Amino acid sequence: MGAIQRVLDQPVAATIVVVSLLGVTAWGVSHFPRSVVLFMLFQASILLLYFARMPRRLKIVLTVVALGGLMPVLGTINAYYMEIAIQVGIFVALALGLNIVVGLAGLLDLGYVAFFAVGAYSWAIFGSPQANLIFGGSYFPLSPWWFFVFLFVGVGVAAGAGLLLGLPVLRLHGDYLALVTLGFGEVIRVLANNLDKPINITNGPKGITPIGRPPIFFEPLLRAVGIEPNPNVIYPLYLYALVLLIVGVTVLVNRRLEDSHIGRAWEAIREDQTAAQAMGVPLVRMKLLAFACGASFAGAVGVLFSAKQIFINPESFTFMESIGVLAMIILGGMGSIPGAILGATVVTVLNLQVLKGFSLWLNELRNAGTVILGYNLANLPTQLEPAKYERMIFGLILVLMMIFRPQGILPARRRTRELSES
Amino acid sequence: MDVELLIGIFPQVLIDGITLGFMYALIALGYTMVYGVLEFINFAHSEIFIVGAFVGVELLLGMKSAGWLDALPWVIVLLLILVAGMAVSGVLAVIVERTAYRPLRHAPRLIPLISAIGVSFFLQDAIRLFESLWRNSFNLVYPSMDVLNTRFELSSTIDVSVKSLVVTAAALLMLWGLYSLVNKTKIGKAIRAVAEDQSAASLMGINVNRMISLTFLIGGAMGGGAGVLFGVQYSLINPYTGFIPGLKAFTAAVLGGIGNIPGAMLGGLVLGVLESFAASYLSLLTGGAFGAEYKDILAFSILILILIFRPKGLLGEVVRERA
């Protein structure tokens, strides 16, 4: 580690190393599109880019090239990588939203996925024929253009749900608050599961489909330059661009909030509620604001998620998802923006690539009847699917981080007293 | 609406609710004892509970394949799996405390809670991993015992299965045992002393760490016993089954007044009965518009309402009184 750090601290060497790594891994992925390891190395070199010391402008340019140029190209070569990139983006935005509530304001929210669900269902219902069942007639699905309106509707509805949850639980703190938010998350899921009667709002466990996708408004433009748009290629790229946009806005808002007087008020509440109140921080308003802000990001991402999936059902909004997002910010570092991004990326990649890859590999070995240490892998139980052990990963992350590094991998600059005090 | 039907099923619903309530009460004890001593929500208790159920099913399946299940009297079999489930769960709870909670005992409150959530998730998949390797299946069914499935018909609409009588009796026995352990013995006194004031207790020559381990052992054993009874009563288990009953048992503990042992029993019973009524009557009363699934919402609403309006619960705090 020390040697790497030394190289990264020298601007010239760092630039050379990072640029060549990005180039080599990108070249590698484009020639061996099925190699998971190469793609992970590509992701790792983006991480190195973050740690490298180099001029700020250059760094931004390189990030834009890597995420805006190389990634879409690689994603076109292997569509699964695009899917991973979009998922990572969605979880980064979710983690950043939860980071406001847990990391900045210190309110442990275990039902965060509920807001994500609220956003997703708001577009799912109106962007599909589902709304006809509620209002009658056949005005729905709304035209794809409404998608952009619903990004804001999602923000509003989720923020409203945040206020709704925030109001009654304000008097609680610490672990009670955590349990109540957990209950709230479960209530939303049970509602989504059962509101197919008396009026069919969510279509119950069967879920809603087909959900409208955002309009390809630049289609004539593409035709003008002589590209015949193929929806199978265009949509992933388009969604990726939208995700990048949302992540960008989220990061920006997070950064502005962190140093604003609101952000400082949140941190004051987190450190010592009584002292904060004595200093004139309006507790009620600030806590409500934290809930609403955190929720609103989840709402916007939810709208995008439902448009990407075309189909949603309550299965996507379980307690496990809430804990997954929590594990992301714990891993990265509570209250730290780069931490949330890193955590979300690492956990998503672990789930989507490492576990799945391990599953596939094990299956191949099993089918080939490979013998390891005298044990024929063909005898391996069929129920053993490494891809299904997300909870184990989340659990290990939570326990190990709490015991060994509660401030996370990339701790927030203003180290929280809540964590360092003993 | 058929009023006669509503009245007719009333006793049945009540009996089912009481059985369920005793189950919640047993699980709630684990939460409430740990909270009383450490002021900490042992989130992993729901998995400690379901581990007991798995120990029970493994033993039963093992005995079945060895042909003992029909040879031994059912009381012996039941006692055997109950004791085994309690032992394994109790020891597991102690191990969890040692590895995941003790290093964090003096950290800020949210830290051990997050660690406990991690343990809970880890254990769920650990059980799944074990059962996948061992049986190639993690959705297990308790082998049925004929005696337990016998039902006494009290009237045309009401019947009581031997199973629920046995479950209720076992739960009562365990509750009575725990109550006398905590209130009548020296060990119980030491535990109460630690709950009251750790440093003062340690000055009086009480080994605080050992008492905390003991609390986890007892709470875990109660949870494990509840797990076995849960399996006997409802048959179907998987590694994720424990979570919702665990959450509801926590609600029961809060309802009765967390940290308060009789409160946990009362809270469990109240919640069990309420839930049973919600499950049976809600869809009848609303003409099928709201199904039995809303009973989960009922439990969580109770949790939220109690925490907001009467956080000390029905019986208030007896164990934990601090200046």
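Chain B has 14 helices and 4 strands, where helices (H or I, at least four residues) and strands (E, at least two) are DSSP runs numbered from the N terminus. Its radius of gyration is 20 Å, close to the 20 Å that the globule rule gives for 323 residues, so chain B is as compact as a globular protein of that length. Here the radius is taken over C-alpha atoms, and the rule is 2.2 Å times the number of residues to the power 0.38.

Before going on, a word on the model: it is predicted, with local features needing pLDDT of at least 70, side-chain atom pairs counting only at pLDDT 80 or more, and totals for chains, interfaces and linings using all residues. Residues are numbered from 1 along each chain as its sequence is written, while chains are lettered from A and ligands numbered from 1 in the order in which they are written.

**The two chains**

Chain A has 18 helices and 2 strands. Its radius of gyration is 23 Å, close to the 22 Å from the globule rule for 422 residues, so chain A too is as compact as a globular protein of that length. The table sets out some further values for each chain. Buried means that 20 or more other C-beta atoms lie within 10 Å of a residue's own; 12 or fewer make it exposed, anything in between partly exposed, and C-beta atoms are placed from the backbone. Two residues are in contact if their C-beta atoms, placed in that way, lie within 7 Å.

| Chain | C-alpha box along the principal axes | Buried residues | Share of contacts with a separation of 6 or more made by residues 24 or more positions apart |
|---|---|---|---|
| Chain A | roughly 60 × 60 × 55 Å | 45% of 422 residues | 77% |
| Chain B | roughly 65 × 50 × 35 Å | 51% of 323 residues | 76% |

**A helix pair in chain B**

Let's look inside chain B. Helix 3 (residues 45–66) of chain B packs against helix 5 (residues 74–101) of chain B at an angle of about 140°, their axes 8 Å apart. Axes are lines fitted to C-alpha atoms, for helices over the stretch in contact, and angles run from 0 to 180 degrees between N-to-C directions. That angle makes helix 3 of chain B oblique to helix 5 of chain B; under 35 degrees counts as roughly parallel, over 145 as roughly antiparallel, 65 to 115 as roughly perpendicular and the rest as oblique. The crossing of helix 3 and helix 5 of chain B is right-handed, meaning that the near helix is turned clockwise from the far one by less than a right angle, whereas anticlockwise would be left-handed.

On the helix 3 side of chain B, the residues that meet helix 5 include B:Val51, B:Gly52, B:Val55 and B:Gly56. Among their partners in helix 5 of chain B are B:Ile81, B:Ala84, B:Gly85 and B:Val88. By class, this contact of helix 3 with helix 5 of chain B has 14 nonpolar, 4 polar and no charged residues. Ala, Val, Leu, Ile, Met, Phe, Trp, Tyr, Cys and Pro count as nonpolar, Asp, Glu, Lys and Arg as charged, and the others, Gly among them, as polar.

**A helix pair in chain A**

In chain A, the axes of helix 15 (residues 319–332) and helix 17 (residues 390–404) come within 9 Å and cross at roughly 40°. Helix 15 and helix 17 of chain A are therefore oblique to each other, and their crossing is left-handed. Helix 15 of chain A brings residues including A:Met320, A:Ile323 and A:Ala327 to the contact, and helix 17 of chain A brings, among them, A:Arg391, A:Phe394 and A:Ile397. This contact of helix 15 with helix 17 of chain A has 9 nonpolar, 1 polar and 2 charged residues.

**Where the chains meet**

At the interface, 39 residues of chain A are in contact with 38 residues of chain B. Helix 9 (175–194), helix 15, helix 17 and helix 18 (417–420) of chain A each supply at least two residues of the side of chain A that touches chain B. The largest share of that side, 11 residues, comes from helix 9 of chain A. The residues on the side of chain A that touches chain B divide into 24 nonpolar, 8 polar and 7 charged.

**Two residues up close**

A:Phe184 is found in helix 9 of chain A. With 24 C-beta neighbours inside 10 Å, A:Phe184 counts as buried. Leaving out residues up to four places away in sequence, A:Phe184 touches A:Gly111, A:Ala114 and A:Leu165.

A:Leu377 sits in the loop between strand 2 (375–376) and helix 17 of chain A. A:Leu377 is partly exposed, with 16 other C-beta atoms within 10 Å. The C-alpha atoms of A:Leu377 and A:Leu365 are separated by 6.6 Å, and the two residues are 12 apart along the chain.
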